[in-house]
Amino acid sequence: MKHTRLAAIAALGLAASLSLTACNSDGSSKDSSSKGSSSSSSSDSDSKAESGSGSDNAKSGSGEDTKTEAGSGTTQTGSKVTFCKTEDLAIDAADAAPDETAGRINITMINRGSTTCSATGFAGVDIKDADNTSNPIERGQAQPRITTLKPGDAAVFNLAYDIDSTGDSLASPTNIIVTPPNETHSVTLDWPATAGDIKGAYTDVQVYPTHTTK
């Protein structure tokens with residue numbers, strides 16, 4: 001009887017001990033899980049914050065650089081070139097006939113200014129005769145070409161006509177009056193001494209548009 005009571009008491013003690021152990025184990029597991037979840041959440045939050053900050057900075061920097069470069073490029077590309085002024089051009093005329101039947105006078109314009117300018121188009125040309133009359137020259141059938149001159153660059157245009165080899169030409173040119181494209185001021189050049197006589201009248205002489213010498 002005494003042994004039965006002792007066995008029963010021992011059994012109750014063991015059951016109580018197992019119950020307490022189970023409770024402690026559950027509590028510890030919950031606390032550990034809670035702490036781990038909190039730590040993971042905090043780490044994820046910090047990681048997202050840093051990633052977001054880096055992304056915003058990258059976009060902001062890239063956008064500013066793109067705008068700056070595009071704006072600079074637009075300004076440079078969109079800048080307009082003004083027409084060359086007569087006062088900035090050194091102008092000269094020379095005989096450039098390819099043979100004894102086709103007359104050609106090349107008129108060269110060199111940009112002596114400090115900025116780039118445009119000499120695109122037809123120059124105005126009058127030929128002054130020995131009798132002191134001035135005769136406007138008609139344009140030849142040709143399309144103007146873009147003629148942009150940096151400082152020191154040259155443009156050329158020519159006068160074309162047939163040469164009279166009979167010695168009976170009625171034209172006695174002494175000067176060429178040149179007005180550069182889109183200008184109102186003129187320069188007076190000497191008619192080249194070696195140029196052949198003009199066949200027909202001054203209306204048979206034609207002027208062609210400017211082009212670069214390069």
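Strands β2 and β8 run antiparallel and are joined by 9 bridges, two strands being called paired when DSSP finds at least two bridges between them. Strands here are DSSP runs of E with at least two residues, helices are runs of H or I with at least four, and both are numbered from the N terminus. Within this pairing, R104 stands opposite A160 in β8. The model is a predicted one, in which local features need pLDDT of at least 70 and side-chain atom pairs count only at pLDDT 80 or more, while totals for chains, interfaces and linings use all residues. Residues are numbered from 1 along each chain as its sequence is written, and side-chain values use heavy atoms, with hydrogens and water left out.

On its other pairing, β2 meets β1 in the antiparallel sense over 7 bridges. A hairpin through 6 residues connects β1 to β2, and D95 is found opposite I105 in β2. The side chains of β2 alternate: G103, I105, I107, M109 and N111 point to one face and are buried, whereas A102, R104, N106, T108 and I110 point to the other and are not. Buried means under 20% relative accessible area, exposed means over 50%, and partly exposed lies in between, with a 1.4 Å probe and protein chains only.

As for the chain as a whole, it holds 1 helix and 12 strands, and the helix comes before the strands in the sequence pattern. Of its 214 residues, 27% are buried. The accessible surface comes to about 14,100 Å², and 50% of that belongs to carbon and sulfur atoms; these areas come from the Shrake-Rupley method with a 1.4 Å probe, and for residues only the protein chains shown count as cover. Among contacts (heavy atoms within 4.5 Å) between residues at least 6 apart in sequence, 75% join residues at least 24 apart.

Now to the interior. In soluble globular proteins, nonpolar side chains tend to be buried together. The largest nonpolar core in this model has 29 residues, a core being a set of buried Ala, Val, Leu, Ile, Met, Phe, Trp, Tyr and Cys residues joined through side-chain atoms within 4.5 Å. The residues with the most contacts inside this core are I105, I107, F157, L159, Y161, I176 and W191. Two or more residues each are given to the core by β1 (89-95), β2 (102-111), β4 (124-129), β8 (154-162) and β9 (173-179), with the largest share, 4 residues, coming from β8. Leaving out residues up to four places away in sequence, I107 touches I91, D92, A93, A155, V156, F157, L159, I176, V178 and L189.

The model contains 1 aromatic pair. Rings of Phe, Tyr and Trp (its six-membered ring) pair if their centres lie within 6.5 Å, and planes under 30 degrees apart count as stacked, over 60 as edge-to-face and the rest as tilted. Y161 and W191 form a tilted pair, 6.1 Å centre to centre with 40 degrees between the planes. The partners are 30 residues apart, with Y161 in strand β8 and W191 in the loop between β10 (187-190) and β11 (206-207). Y161 is buried at a relative accessible area of 6%, and W191 is buried at 11%.

An open sheet of 4 strands, with antiparallel pairing, follows the order β5-β4-β9-β10. β5 (134-136) and β10 each have a single partner strand, so one side of each of these edge strands is left without a neighbour in the sheet. The twist averages 30 degrees from one strand to the next, with axes taken as lines fitted to C-alpha atoms, for helices over the stretch in contact, and angles running from 0 to 180 degrees between N-to-C directions. Antiparallel β4 and β9 are joined by 6 bridges, and K128 has N175 in β9 as its bridge partner. Between β4 and β5 there are 3 bridges; here I127 stands opposite N135, and D126 has P136 as its bridge partner. The covered face of β4 carries V125, I127 and D129, and the uncovered one G124, D126 and K128.

Two loops deserve a closer look. Most residues other than glycine have a negative phi, and most peptide bonds are trans. The hairpin of β4 and β5 has 4 residues between its strands, and N132 in the turn has a positive phi of about 75 degrees. N132 is exposed, with a relative accessible area of 58%. In the loop between β9 and β10 lies N182, whose phi is positive and near 60 degrees. N182 also counts as exposed, at 55% relative accessibility.
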